[in-house]
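Subject: Structure handover

Hello,

I am passing on the structure we spoke about, with the sequence alongside. My notes on what was found follow below it.

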Amino acid sequence: MTNKTTVTAEPNKQELFITREFDAPREMVFEAFTNPEIFIKWWLAKENEMKIDVMDYQSGGKYRYTFTIAKGAKIGFNGMIHDVTSPERIIQTAEMEGFPVKGHVCLETMLFETLEGGKTKLMIQDVFQSVEDRDAAVATGMEHGLEEGFGRLESILNQKQTN
């Protein structure tokens with residue numbers, strides 16, 4: 001696999017950018033973010049257990065999922081879906097429950113761009129309420145987790161294309 005995930009977080013800014021190319025059409029990549037049956041297969045590290053409480057990817061919808069990590073700790077993510085323009089864009093809020101402090105929410109914009117050769121470029125912009133919130137999110141090791149999850153997604157997309 002030659003595609004790499006890039007996380008860019010400039011010092012003293014409240015935002016970060018995540019980019020990744022996938023060797024699949026954007027409709028397939030978009031579906032992997034909005035279809036709970038696909039999402040649950042790739043989003044989390046394989047040693048974690050995930051449960052989706054709600055995943056309503058339409059404008060005005062919401063999502064919440066939890067996962068159990070090593071030592072039994074539970075972590076939740078939730079947010080509101082502000083705009084879904086299939087297969088181009090998702091705008092949503094994102095809150096990691098209780099981290100760093102309850103109620104600290106970021107605004108997330110995901111753009112899915114068609115590239116030549118049936119490929120897709122995913123660009124994510126997360127805008128946090130403070131530089132400290134952004135830095136705390138980066139400190140969780142998110143870059144490694146994203147690379148692992150997106151690698152699994154790439155495998156799922158490749159399997160779907162060969163079937």
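Arg64 and Glu97 form a salt bridge, with their closest N and O atoms 2.8 Å apart. Please keep in mind that this is a predicted model. Arg64 belongs to strand S4 (residues 62-68), while Glu97 sits in the loop between strand S6 (89-96) and strand S7 (106-115), so the pair ties together parts that are 33 residues apart in sequence. Both partners are partly exposed: Arg64 has a relative accessible area of 31%, and Glu97 has one of 27%. The pair is also part of a wider arrangement, since salt bridges that share partners join Lys51, Asp53, Arg64 and Glu97 into one network. Within that network, Lys51 and Asp53 meet through their side chains at 2.9 Å, N to O. Asp53 counts as partly exposed, at 35% relative accessibility.

The count of salt bridges comes to 11. Another of them links the side chains of Lys13 and Glu10, at 3.3 Å from N to O. Lys13 is partly exposed at 36% relative accessible area, and Glu10 is likewise partly exposed, at 42%.

Arg26 is a charged residue without such a partner. What is the nearest side chain of opposite charge to Arg26, and how far away is it? It is Glu88, at 4.1 Å; Arg26 is buried yet has no salt bridge, because the cut-off for one is a nitrogen-to-oxygen distance within 4 Å. Arg26 lies in helix H1 (residues 26-34). Its side chain does make a polar contact of 3.2 Å with the side chain of Thr114. Leaving out residues up to four places away in sequence, Arg26 touches Pro87, Glu88, Phe112, Glu113, Thr114 and Thr120.

The last item is the nonpolar interior. The largest nonpolar core has 39 residues, and the members that touch the most others are Phe33, Trp42 and Phe150. Helix H4 (residues 142-162) supplies the largest share of this core, with 6 residues. Which residues does Phe33 contact, apart from neighbours within four places in sequence? They are Phe39, Trp42, Met55, Tyr57, Ile90, Met110, Phe112, Leu122, Phe150 and Leu153. Phe33 is thus in contact with both Trp42 and Phe150. Phe112 appears in the contacts of Phe33 and also in those of Arg26.

Regards

Note on methods
Residues numbered from 1 in each chain as written. Predicted model: local features only at pLDDT ≥ 70, side-chain atom pairs only at ≥ 80, totals over all residues. Heavy atoms only, no water. Core = buried A, V, L, I, M, F, W, Y, C linked by side-chain atoms within 4.5 Å. Buried < 20%, exposed > 50% of the residue type's maximum accessible area, 1.4 Å probe, protein only. Helix = DSSP H or I, 4+ residues; strand = E, 2+ residues; numbered from the N terminus. Contact = heavy atoms within 4.5 Å. Lys, Arg positive; Asp, Glu negative; His and termini not counted. Polar contact = N/O pair within 3.5 Å; in protein donor to acceptor, adjacent residues only side chain to side chain.
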